[in-house]
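Open the model in your viewer and keep the selection panel handy. We will take a short walk through it, one stop at a time.

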Amino acid sequence: MKAVDIYTDGACSGNPGKGGWCAILIYGGREKLLAGGDPDTTNNRMEVYAAVAGLSALKEKCTVRLYSDSAYLVNAIEQHWLDNWRRNCWRTADKKPVKNQDLWQALYEKLAYHDVTFIKVKGHADNEYNNRCDAAARAEIGKLGESAC
């Protein structure tokens with residue numbers, strides 16, 4: 001299988017508010033940047049969306065190292081929250097509906113296909129790719145323009 005690195009980040013102006021996301025895929029010395037925005041979203045939603053978008057861009061089964069500064073995203077995988085939510089019919093430990101269920105379901109499908117390792121990076125620090133993702137996600141917020149309110 002091909003080995004791909006994916007760096008992801010999400011951003012939000014207001015929470016909820018206008019949001020942006022970015023994924024940078026790296027394979028064979030080449031990079032592909034994906035980014036987009038949403039006029040009414042949350043930061044957590046953009047973080048998970050970036051991971052789903054990055055994994056969705058892969059055209060074949062791959063071994064992936066996915067880097068994120070999102071504790072929400074990384075902990076959901078590493079601490080098995082995602083597995084528990086699925087087992088509990090998409091309910092949290094306190095029986096509340098899981099937020100962003102549609103994205104978690106999409107991510108689960110990608111994780112079942114690809115061999116993915118999640119790696120937590122420190123946000124707004126010295127990681128070049130994380131900083132580039134952050135800048136691209138924020139640029140997407142800027143493209144959404146001023147609020148009509």
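Which residue in strand 4 does Tyr7 stand opposite? Select Tyr7 and look across: the residue facing it in strand 4 is Tyr67. Please keep in mind that this is a predicted model.

**Stop 1: the two tyrosines**

Show both side chains. The rings of Tyr7 and Tyr67 form a stacked aromatic pair, with 4.3 Å from centre to centre and 5° between the planes. Tyr7 belongs to strand 1 (residues 2-14) and Tyr67 to strand 4 (residues 62-68), so the pair links distant parts of the chain, 60 residues apart. Tyr7 and Tyr67 are both buried.

**Stop 2: the sheet around them**

Switch to a cartoon view and colour by strand. You should find 5 strands in an open sheet, arranged in the order 3-2-1-4-5 with mixed pairing. At the edges are strand 3 (30-41) and strand 5 (115-120), each of which pairs on one side only. On average, neighbouring strands of this sheet are turned by 20° against each other, direction ignored.

Strands in a sheet pair through backbone hydrogen bonds, in either a parallel or an antiparallel sense. Begin with strand 1 and strand 4, which pair in the parallel sense over 7 bridges. Then turn to strand 1 and strand 2, which run antiparallel and are joined by 10 bridges. These two strands form a hairpin with 2 residues between them. To find your place in this pairing, select Ala11, which stands opposite Gly20 in strand 2.

Next, follow strand 2 (residues 17-27) to strand 3: they run antiparallel, with 10 bridges joining them. A handy marker here is Leu25, which stands opposite Lys32 in strand 3.

**Stop 3: the tryptophans**

How many aromatic pairs does a search of the whole structure find? There are 6, and your next selection is Trp85 with Trp104. Their ring centres are 5.2 Å apart and their planes meet at 65°, so this pair is edge-to-face. Trp85 is in helix 3 (residues 81-87), while Trp104 is in helix 4 (residues 101-113), so the pair ties together parts 19 residues apart in sequence.

Are these two rings' residues buried or exposed? Trp85 counts as buried because its relative accessibility is 10%, and Trp104 counts as buried at 0%. Add Tyr72 and Trp81 to the selection, and you have one aromatic cluster made of Tyr72, Trp81, Trp85 and Trp104.

**Stop 4: charges over rings**

Select Arg86 and Tyr108: Arg86 lies over the face of Tyr108, at 3.8 Å from the ring centre. Then try Lys61 and Tyr113, where the charged end of Lys61 sits over the ring, 5.9 Å from its centre.

**Stop 5: the cysteines**

Finally, show the cysteine sulfurs. The structure holds 0 disulfides. Cys62 is in none, and the nearest cysteine sulfur to it, that of Cys133, is 17 Å away. Cys62 counts as buried because its relative accessibility is 3%.

Why does Cys133 form no bond with Cys22? The sulfur of Cys22 is the closest cysteine sulfur to that of Cys133, but at 3.8 Å it is too far for a bond, because a disulfide needs the two sulfur atoms within 2.5 Å. Cys133 is buried too, with a relative accessible area of 0%.

Technical notes:
Residues are numbered from 1 along each chain as its sequence is written. This is a predicted model: local features need pLDDT of at least 70, side-chain atom pairs count only at pLDDT 80 or more; totals for chains, interfaces and linings use all residues. Side-chain values use heavy atoms; hydrogens and water are left out. Rings of Phe, Tyr and Trp (its six-membered ring) pair if their centres lie within 6.5 Å; planes under 30 degrees apart count as stacked, over 60 as edge-to-face and the rest as tilted. Helices (H or I, at least four residues) and strands (E, at least two) are DSSP runs, numbered from the N terminus. Buried means under 20% relative accessible area, exposed over 50%, partly exposed in between (1.4 Å probe, protein chains only). A charge sits over a ring if NZ of Lys or CZ of Arg is within 6 Å of the ring centre and within 35 degrees of the ring normal. Two strands pair if DSSP finds at least two bridges between them. Axes are lines fitted to C-alpha atoms, for helices over the stretch in contact, and angles run from 0 to 180 degrees between N-to-C directions.
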